[in-house]
Amino acid sequence: MANVYHSNNKDKFLLKVKEEIKHRFKDCNKIAVKIHFGEPGNKTAFKPEDIKPITDILNELDIKFFLFDSLVKYSSPRSNSKSYKNFALKKGWGKLGEIKTNDEHINVKGENLTYEVCRELVDADAVLVVSHVKGHICTGFGGAIKNLGMGALTKKTKGDIHYGGKPVFVGKCTQCGTCERACPLGTLKVKDKPVFGICYGCSDCAYACPISAIKTRVNYFDTLLAEGATIAQSRFKKAYYISFLKNITQLCDCESDPGEIIADDYGFLASTDGVAIDMAAHDIILENEGEDVFLKHNKKSGTEQVKAAEKFGMGQSKYNLIKL
Ligand code: SF4
Ligand code: SF4
């Protein structure tokens, strides 16, 4: 069972992070810091000043690093290597260190898909996965698993995951309307059977149908995301996870408008285990908020992806929480 360090005190947290990085990355020449530079217009995604204390630690320890994010499939400056890098530079990320944004990859065959894992992360001596915890329209919750299950993969694979989670109607429909109520986009309408409109492939309607009249094209979105994260992590030489429970918005950093803040700030987490850190983030938020804010706002609990990632062997959902 992995330790998950939690603190609301930034200074105490950074001291522990320094100790952990010094110990775990001591033989590393160059590491990748996997972050999300934020969608243009998004005001709650990471800013360079959020990450600077971490890059300061790397500099103090004389560990060379670069900041990395992969490309997106939808229309955005983030869909192209050059324009994403320029955007990140404009936002001031270049002051922290070298920035890399590209889609170079290796292919890794999984049970459900062949995943294109970003080569920059595979080739680095270690990957420091720094995640902003917030909601997500398809997965309910986004943290470390999402940071790798989308963010460590190419735009083609991101598209394959969204496609693979899309619904297919099979069999008979009782017109109970459960799938219509489950669709976070409100685009699914039940007539004599479900009629799918604009669809992100979240698979919520397939989870919800009580008689399994809706299947997915490949597998549930959370299963594909979790398999992608597990496969990516399995190709890293070393990994360490840091999560910020701050500006917890309804939607993710890929949205220019990520919606309302749905929970208070609950500090910082660090762990060697990407599944444990997400489970701990989820538990801390639910315990303090008194309800599953992700289920309430996005119609899906974050535990679906956690369960799936644990099943694939990415890590363990049981953890030892150490308060700093
Ligand atoms: S997968 Fe189903 S629930 Fe999700 S967006 Fe598509 S139609 Fe709606
Ligand atoms: S949940 Fe299943 S049975 Fe109910 S309306 Fe949707 S497809 Fe039909």
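The centres of domain 1 and domain 2, taken over C-alpha atoms, are separated by 30 Å. This description refers to a predicted model. Domain 1 comprises residues 2–160 together with residues 220–323, whereas domain 2 covers residues 166–216. Where the two domains meet, seven residues of domain 1 are in contact with 10 residues of domain 2. On the side of domain 1 that touches domain 2, four residues are nonpolar, one is polar and two are charged.

Attention may now turn to the strands. Eight of them form an open sheet with mixed pairing, and their order is β4-β3-β2-β7-β14-β17-β1-β18. The edges of this sheet are occupied by β4 (98–101) and β18 (319–323). Each of these two strands has a single partner strand, and therefore one side of each is left without a neighbour in the sheet. On average, neighbouring strands of the sheet are turned by 25° against each other, direction ignored.

Within that order, β2 stands beside β3. Strand β2 consists of residues 30–34 and strand β3 of residues 64–69; the two pair in the parallel sense over five bridges. At the level of individual residues, K30 has K64 in β3 as its bridge partner.

A helix accompanies another part of the sheet. Helix α1, formed by residues 10–24, lies across three strands, namely β1 (2–7), β14 (239–245) and β17 (267–271). With respect to β17, helix α1 runs at about 15°. In the sheet order, β17 is placed between β14 and β1.

Definitions and conventions. Residues numbered from 1 in each chain as written. Chains lettered and ligands numbered in written order. Predicted model: local features only at pLDDT ≥ 70, side-chain atom pairs only at ≥ 80, totals over all residues. Pairing = 2+ DSSP bridges. Helix = DSSP H or I, 4+ residues; strand = E, 2+ residues; numbered from the N terminus. Axes fitted to C-alpha atoms, helices over the stretch in contact; angles between N-to-C directions. Domains from an automatic or database assignment. Nonpolar A, V, L, I, M, F, W, Y, C, P; charged D, E, K, R; others polar.
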